[in-house]
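Reader: I should like a close examination of one strand in this model and of its surroundings. Please describe how the strand is covered, what it pairs with, and what lies around it.

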Amino acid sequence: MTAETPISLLIVDDHPVVRDGLRGMFAAAPGFTVLGEAADGVQAVERAAALDPDVVLMDLRMPGGGGVDAIRELTRRGARARVLVLTTYDTDSDTLPAIEAGATGYLLKDAPREELFTAVRAAAEGRTVLSPAVASRLVSAVRAPRSPGNEPLSAREREVLALVAKGTSNKEIARELFISEATVKTHLTHLYAKLGVNDRAAAVAVAYDRGILG
């Protein structure tokens, strides 16, 4: 993606007024183009496949198909689009499943316009984007079960973790590092244990908190 190429978007929300508002906001801002809309998760998967957007702005709780299931299906299909969750909910039961399913970031709907624009640009580049409230909640959640050990990560584990922080899938990591997906999963298991976490999102949150990722 070059500076001259606008970031393409698919807006997913069950409220027409919200979709209209987001479409108008991005249409009025330079550097973005809205390819289409979807009213639920099922439509989101279908339209993401048809339109191939750079970023999917995904609501979570929608009748007819929730956002987490849609994110999981997009990840399973190896969709190119990065998913940025945009929702009013920031509970553990919402944030953790969404990011575990493959979301690149998680933002709340009360975010200022410029913060949303910045988050979309970051997501398009594959960088993890978390609102401050969500990041704080994730760190608290991963610290609660057990204290992480002090064993340092290996160089390869750091490479894998850095790619995870960019939103890279296991398949893409394997291709990037010239290793098998099984080996990627083994490295993830080891670094999870060293960080005292259970999933990708938690690993990234703790790694930033401990200064492993800068």
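Author: The following account concerns strand E4 and its neighbours.

The model is predicted, so local features need pLDDT of at least 70 and side-chain atom pairs count only at pLDDT 80 or more, whereas totals for chains, interfaces and linings use all residues. Residues are numbered from 1 along each chain as its sequence is written, and side-chain values use heavy atoms, with hydrogens and water left out.

Helices (H or I, at least four residues) and strands (E, at least two) are DSSP runs, numbered from the N terminus. Strand E4 comprises residues 82–87 and is mostly covered, six of its six residues being buried; buried denotes under 20% relative accessible area, exposed over 50%, and partly exposed in between (1.4 Å probe, protein chains only). In a regular strand, side chains alternate between the two faces of the sheet. Both faces of E4 are covered: on one side Arg82, Leu84 and Leu86 are buried, and on the other Val83, Val85 and Thr87.

Strands count as paired if DSSP finds at least two bridges between them. E4 pairs with strand E3 (residues 55–58) in the parallel sense, over four bridges, and valine 56 stands opposite valine 83 of E4. From E3 the chain passes through helix H3 (residues 67–77) to E4 in a right-handed β-α-β crossover; right-handed means that, with the strands pointing away from the viewer, the path from the first strand over the helix to the second runs clockwise. E4 is also joined by four bridges to strand E5 (residues 105–108), and these two strands run parallel. Here threonine 87 has leucine 108 in E5 as its bridge partner.

Isoleucine 71 provides a view of the packing around E4. Contact means heavy atoms within 4.5 Å. Not counting residues up to four places away in sequence, isoleucine 71 touches Val83 and Val85, and also Met58, Leu60, Ala98, Ala101, Gly102 and Ala103. A nonpolar core is a set of buried Ala, Val, Leu, Ile, Met, Phe, Trp, Tyr and Cys residues joined through side-chain atoms within 4.5 Å. The largest such core has 28 residues, of which Val12, Met58, Ile71 and Tyr106 touch the most other members. Another core, of 23 residues, lies apart from it, with Leu22, Ala29, Val34 and Ala123 among them.

Helix H3 also carries a charged pair: arginine 76 and glutamate 73 both lie in it, three residues apart, about one turn of the helix. Their side chains form a salt bridge of 2.7 Å, N to O, the criterion being a side-chain nitrogen of Lys or Arg within 4 Å of a carboxyl oxygen of Asp or Glu. Arginine 76 is exposed, with a relative accessible area of 62%.
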